[in-house]
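Please open the structure in your viewer and keep the selection panel at hand, since each stop on this tour begins with something to select.

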Amino acid sequence: MSFRRALITGVAGQDGTYLAQLLLSKGYEVHGIVREAGHPSNSMLAHIAQLSSTAGARLHQHVGDIRNTQWMAQLLEQIMPNEVYNLAAQSNVATSFAEPDVTHEINYVAVNSLLESVRRLVPHARFFQSSSSEMFGLTPPPQSEESAFLPQSPYALAKAGAHVLVREAREEGNLFAVNGISFNHESPRRSTAFVTRKIAHGVACIVRGEAEHIELGNLEAIRDWGYAPEYVEGMWRSLQHDEPHDYVFASGRGHTVREFVQFACDSVGLDWRERITHDEAFDRPHDVKATIGDATKAKAVLGWSATTTAAELARIMVEADIERGSRHVSFLDMPRLAAWG
Ligand code: GDR
């Protein structure tokens with residue numbers, strides 16, 4: 001296998017850690033950007049580095065902010081990556097209503113600068129942008145690469161803008177640039193700011209007798225939930241193809257938030273009806289009603305498909321939260337992934 005070097009922005013996040021593990025297992029030298037040295041969110045990376053000393057030696061962390069254009073350019077020149085995965089984002093839709101400017105800076109302006117730097121300094125590098133199903137907003141499911149963007153949040157608006165920049169960089173700037181439009185993808189490495197992990201963590205607390213209920217917002221929203229390690233495989237495959245394209249990564253199955261609660265409760269024999277309460281603090285000014293993806297193209301071109309069902313995902317996440325106990329550490333999902341190191 002020829003030697004490959006990848007740069008991952010947002011490497012300490014859920015997708016970043018899974019992708020780093022995948023690339024290390026394939027022999028890559030992996031450079032990842034983290035925001036702060038020593039931050040608790042970097043603990044999973046440290047753990048990955050310890051899984052195998054040879055793979056760990058190929059994992060390099062760089063501390064900085066992707067909004068710092070000059071620093072990012074210097075880093076690109078220093079690393080000269082063959083592949084760049086832009087996973088860094090203000091990724092919380094609810095937060096974007098409260099912090100639209102920061103969301104715009106990170107999710108749109110910084111992507112523009114990064115594309116410019118890639119074009120100027122490493123034009124042969126392959127570029128992956130983490131696009132989002134939220135961009136479809138009001139467009140009813142099923143949503144594919146051809147569906148219209150009708151964003152309903154500052155988050156979705158910024159992601160849609162970045163998506164267009166990446167497409168232009170491919171079509172007019174001759175970059176090998178790919179948008180991966182991922183639908184919701186979850187794992188025990190999710191933070192509790194997202195509903196699936198909040199539910200899994202809440203169920204584990206109920207099982208331990210530490211809580212009675214889970215307080216949630218909109219239960220009727222329909223999402224297409226898949227298992228994150230499968231989605232980073234799709235990201236990697238999209239950069240190995242002969243030509244750059246945009247792809248939807250999704251399971252093609254939609255469930256309400258209420259159903260996800262039911263799956264999580266069923267996995268430990270709880271009656272979900274007795275376990276949820278509504279708290280309007282978690283309602284959003286606008287909430288996307290339904291996203292269900294059509295990943296036909298990813299299957300046909302990349303041979304990629306999502307296999308883990310939402311019910312299996314809920315069980316995996318609840319089990320991990322029960323195993324973790326009340327320690328709140330983030331060394332999650334390690335038995336399953338030890339083999340990847
Ligand atoms: P989403 O994920 O906004 O779809 O974006 P999230 O898990 O935050 O919300 C999913 C749905 O659950 C409803 N909901 C709640 N959400 C949260 N976070 N907390 C609650 O208490 C709660 N109660 C109900 C929400 O209203 C929503 O309808 C995720 C992120 O990962 C994005 O970065 C990514 O782009 C998209 O998925 C695809």
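**The sheet and its helices**

Begin with helix α1 (residues 14-25), which lies across β1, β2 (29-34), β3 and β4 and runs at about 175° to β1. Next select α9, which packs on the sheet and touches β4, β5, β6 (176-182) and β11, its direction making about 140° with that of β4. Please bear in mind throughout that this is a predicted model.

Now hide the helices and colour the strands one by one. In what order do the 7 strands of the open sheet follow each other? The order is β3-β2-β1-β4-β5-β6-β11, and the pairing is parallel. Because β3 (59-63) and β11 stand at the edges, each with a single partner strand, one side of each is left without a neighbour in the sheet. If you look along the sheet, the twist from one strand to the next averages 20°.

Select strand β1 (residues 5-9) together with strand β4 (residues 83-86): the two run parallel and are joined by 4 bridges. Within this pair, Ala 6 is the residue to label, as Ala 6 stands opposite Glu 83 in β4.

**Strand β6**

Move on to β5 and β6, which also run parallel and are joined by 7 bridges. Here Ser 132 stands opposite Ser 182 in β6. Is β6 enclosed or open to the surroundings? It is largely enclosed by the rest of the structure, because 7 of the 7 residues of β6 are buried. In a regular strand, side chains alternate between the two faces of the sheet. Showing the side chains of β6 lets you sort the residues by face: Phe 176, Val 178, Gly 180 and Ser 182 lie on one side, Ala 177, Asn 179 and Ile 181 lie on the other, and all of these are buried.

**Salt bridges**

Side chains of opposite charge can pair when their charged atoms come close. A search of the whole structure finds 16 salt bridges, and three of them make useful stops.

Select Arg 223 and Glu 134, whose side chains meet in a salt bridge at 3.5 Å, N to O. This pair links distant parts of the chain, with Arg 223 in strand β9 (residues 222-223) and Glu 134 in the loop between β5 (126-132) and α7 (154-171), 89 residues apart. Both Arg 223 and Glu 134 are buried.

Then select Asp 246 and Arg 170, where the side chains meet in a salt bridge at 2.7 Å, N to O. Here too distant parts of the chain are linked, since Asp 246 is in the loop between α9 (228-240) and β11 (247-249) while Arg 170 is in helix α7, 76 residues apart. Asp 246 counts as buried because its relative accessibility is 8%, under the 20% limit, and Arg 170, at 14%, counts as buried as well. Return to the earlier pair and add two residues to the selection: salt bridges that share partners join Glu 134, Arg 223, Arg 284 and Asp 287 into one network.

The third stop is Asp 65, which forms a salt bridge with Arg 67, the closest N and O atoms being 2.9 Å apart. Asp 65 is partly exposed, with a relative accessible area of 28%, and Arg 67, at 35%, also counts as partly exposed.

**A nonpolar surface patch**

Finally, switch to a surface view and select Val 207, Val 268 and Ile 322, which form a nonpolar patch on the surface with about 190 Å² of accessible area together. Val 268 is found in the loop between α10 (257-266) and β13 (276-278) and is partly exposed, with a relative accessible area of 31%.

How values were computed:
Residues are numbered from 1 along each chain as its sequence is written. This is a predicted model: local features need pLDDT of at least 70, side-chain atom pairs count only at pLDDT 80 or more; totals for chains, interfaces and linings use all residues. Side-chain values use heavy atoms; hydrogens and water are left out. Patches are made of residues with over 30% relative accessible area and no salt bridge: like charges are joined within 9 Å, nonpolar side chains (Val, Leu, Ile, Met, Phe, Trp, Tyr) within 5 Å. Accessible areas come from the Shrake-Rupley method with a 1.4 Å probe; for residues, only the protein chains shown count as cover. A salt bridge is a side-chain nitrogen of Lys or Arg within 4 Å of a carboxyl oxygen of Asp or Glu. Buried means under 20% relative accessible area, exposed over 50%, partly exposed in between (1.4 Å probe, protein chains only). Two strands pair if DSSP finds at least two bridges between them. Axes are lines fitted to C-alpha atoms, for helices over the stretch in contact, and angles run from 0 to 180 degrees between N-to-C directions. Contact means heavy atoms within 4.5 Å.
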